[in-house]
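Thanks, everyone; I would like to take a few minutes to walk through one model, starting with its pocket and then turning to how some of the helices pack. Please have a look at the structure first.

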Amino acid sequence: MTGMAERADGRDLVPISGLLSYRLSRTSSAMSRSAALRYRREFDVSLGEWRAISLIAADPTLTLNRLARRAGLDKAQMSRVVTRLTERGLVDRTAGSGRTSQLALTPEGTRVYRGLIAAANERDAEFLAALTPAEAATLSGALDKLADLALAVEERERAHPVTDDC
């Protein structure tokens with residue numbers, strides 16, 4: 001044995017730097033940080049604001065709750081993002097049924113969205129250009145499989161309540 005702990009299958013345990021989830025997270029974080037810098041510089045929007053703008057553009061029937069779920073933020077965080085976008089004249093809030101409000105891009109919000117989505121597509125093309133067409137297709141399929149499995153594992157983990165038996 002090499003001094004490292006062993007997995008159940010007898011192979012050495014992988015250090016954190018070699019774990020798939022860690023590598024994906026670091027790559028995703030680096031991609032997000034560079035996007036945030038560009039979007040702030042060119043459009044004066046944060047990454048959270050960019051996500052809100054793009055999700056509203058894609059689905060004009062969104063309410064704050066649905067927008068928060070799709071963006072992976074809690075309702076309070078998304079409310080602050082939408083308030084900033086509304087104050088800047090990029091998003092309109094109109095009363096919906098009950099206590100909900102309908103969200104829509106203003107003409108200025110639509111103009112900013114068009115610039116943002118063009119920049120996002122340009123960045124996407126730059127990353128994909130680093131891969132051969134076969135690698136890009138393989139990566140796309142692998143990411144779909146991993147996303148499906150990640151959701152299933154999350155559901156499985158949710159079925160096990162957290163205990164305070166430390």
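The lining of the largest pocket draws at least two residues from each of α1 (20-43), α2, α5 and α6 (133-158), and I should say straight away that we are looking at a predicted model. Of these contributions, the largest share comes from α1, which supplies nine residues of the lining. In total 28 residues line this pocket, and those that lie nearest its centre are S28, M31, R123, D124 and F127. Its volume is about 1,000 Å³, and the lining, sorted by class, has 18 nonpolar, six polar and four charged residues.

Let me now turn to α2, which spans residues 47-58, and to its packing against α5, residues 107-128: the axes of the two helices come within 10 Å and cross at roughly 105°. Angles from 65 to 115 degrees count as roughly perpendicular, and α2 and α5 are therefore roughly perpendicular to each other. On the α2 side the contact is made by W50, I53, S54 and A57, and on the α5 side by G109, V112, Y113, L116, I117 and A120. By class, this contact has eight nonpolar residues, two polar ones and no charged ones.

What angle do α2 and α3 make where they pack? For α3, residues 64-71, the angle with α2 is about 120°, with the axes 10 Å apart, so this pair is oblique, and the crossing is right-handed. Here A52, L55 and I56 of α2 meet L67, R70 and A71 of α3, a contact with five nonpolar residues, one charged and no polar.

Conventions:
Residues are numbered from 1 along each chain as its sequence is written. This is a predicted model: local features need pLDDT of at least 70, side-chain atom pairs count only at pLDDT 80 or more; totals for chains, interfaces and linings use all residues. Side-chain values use heavy atoms; hydrogens and water are left out. Axes are lines fitted to C-alpha atoms, for helices over the stretch in contact, and angles run from 0 to 180 degrees between N-to-C directions. Helices (H or I, at least four residues) and strands (E, at least two) are DSSP runs, numbered from the N terminus. Angles under 35 degrees count as roughly parallel, over 145 as roughly antiparallel, 65 to 115 as roughly perpendicular and the rest as oblique. Contact means heavy atoms within 4.5 Å. Ala, Val, Leu, Ile, Met, Phe, Trp, Tyr, Cys and Pro count as nonpolar, Asp, Glu, Lys and Arg as charged, and the others, Gly among them, as polar. On a 1 Å grid over the protein atoms alone, a cavity is a set of points where a 1.4 Å probe fits but cannot get out, and a pocket is an open set with protein on both sides within 12 Å along at least five of seven lines; lining residues have an atom within 4 Å of a point. Grid points are joined across faces, edges and corners, and a volume is the space filled by probe spheres set on the points. A crossing is left-handed if the near helix is turned anticlockwise from the far one by less than a right angle, and right-handed if clockwise.
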